Amino acid sequence: MAALHGQQNTFFISSSVEQEMSKHMYHSLPQEACGVVLGEAAAGGIRISRFQPIRNVAPNPLHHFSLDEEEWIRCIFNEPQLIGIFHSHPQTSPVPSNQDLMALPAYAGLIKVYLIGTPALTSTSEPQMHLNGYEIQYKVADPSKANQQKRYDLQPAQLRMT
Ligand SMILES: [Zn+2]
């Protein structure tokens, strides 16, 4: 599943899954929404086939997200296709915040896909979402040193609606 060096992985997302994420995001406003995505490796990338909302239990849900631990743990044990997480940025662009990067080690060993959505104002009647996808990568800063802290990084991925 690892991409060749310098090659972007593609996330294939069915439009119905994208709509469910968008709906959940709008439903949760003004708070950040979050959830997990299920899927599997596919030719050229990762296919995302389901979205499951999870309660945001952050003390300040207007600006942060924190997956409800019980629901998250249930997903880890019951969903063999658990492949990523989604959350929304109601006020800012769909790029990882410093806080997001600092929280990565809590999830990163279990998932590959990191999605961030933002409400998009359009002239159409249907509410739209800007969605960015990132692949979680594991880096060892200096392999020669013992007791390395695990470092995770988010690499922009291509999103393709199917
Ligand atoms: Zn965030």
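The following exercises, with worked solutions, treat the metal site, the aromatic pairs and the nonpolar cores of this structure.

The model is predicted: local features need pLDDT of at least 70, side-chain atom pairs count only at pLDDT 80 or more, and totals for chains, interfaces and linings use all residues. Residues are numbered from 1 along each chain as its sequence is written, and side-chain values use heavy atoms, with hydrogens and water left out.

**Exercise 1.** Determine which residues coordinate the zinc ion, and classify the arrangement of its donor atoms.

*Solution.*
1. Donors are N, O and S atoms within 2.8 Å of the metal (3.2 Å for Na, K and Ca); water is not among the atoms, so sites may look incomplete.
2. At 2.0 to 2.5 Å, the zinc ion is coordinated by H87 (NE2), H89 (NE2) and D100, the latter entering twice through OD.
3. Along the chain these donors follow the spacing H-x1-H-x10-D.
4. H89 lies in the loop between β4 (82-88) and α3 (98-103), whereas D100 lies in helix α3, 11 residues apart; helices (H or I, at least four residues) and strands (E, at least two) are DSSP runs, numbered from the N terminus.
5. Four donors count as tetrahedral if all angles lie between 85 and 135 degrees; four count as square planar and six as octahedral if opposite donors are over 155 degrees apart and all others between 65 and 115; anything else is irregular.
6. The 4 donor atoms subtend angles of 56 to 157°, so the arrangement is irregular.

**Exercise 2.** Find the aromatic pairs in the whole structure and classify the geometry of F51 with F86 and of Y138 with Y152.

*Solution.*
1. Rings of Phe, Tyr and Trp (its six-membered ring) pair if their centres lie within 6.5 Å; planes under 30 degrees apart count as stacked, over 60 as edge-to-face and the rest as tilted.
2. The search finds 2 aromatic pairs.
3. The ring centres of F51 and F86 are 5.5 Å apart and their planes stand at 85°, so this pair is edge-to-face.
4. For Y138 and Y152, a centre distance of 5.8 Å and planes at 55° make the pair tilted.
5. Y138 belongs to strand β6 (residues 128-139) and Y152 to strand β7 (residues 151-161), so the pair ties together parts 14 residues apart in sequence.

**Exercise 3.** Identify which residues of the largest nonpolar core touch the most other members.

*Solution.*
1. A nonpolar core is a set of buried (under 20% relative accessible area; exposed is over 50%, partly exposed in between; 1.4 Å probe, protein chains only) Ala, Val, Leu, Ile, Met, Phe, Trp, Tyr and Cys residues joined through side-chain atoms within 4.5 Å.
2. Of its 20 residues, V36, L67, W72, I85, Y114 and I136 touch the most other members.
3. Strand β2 (34-42) supplies the largest share, 3 residues.
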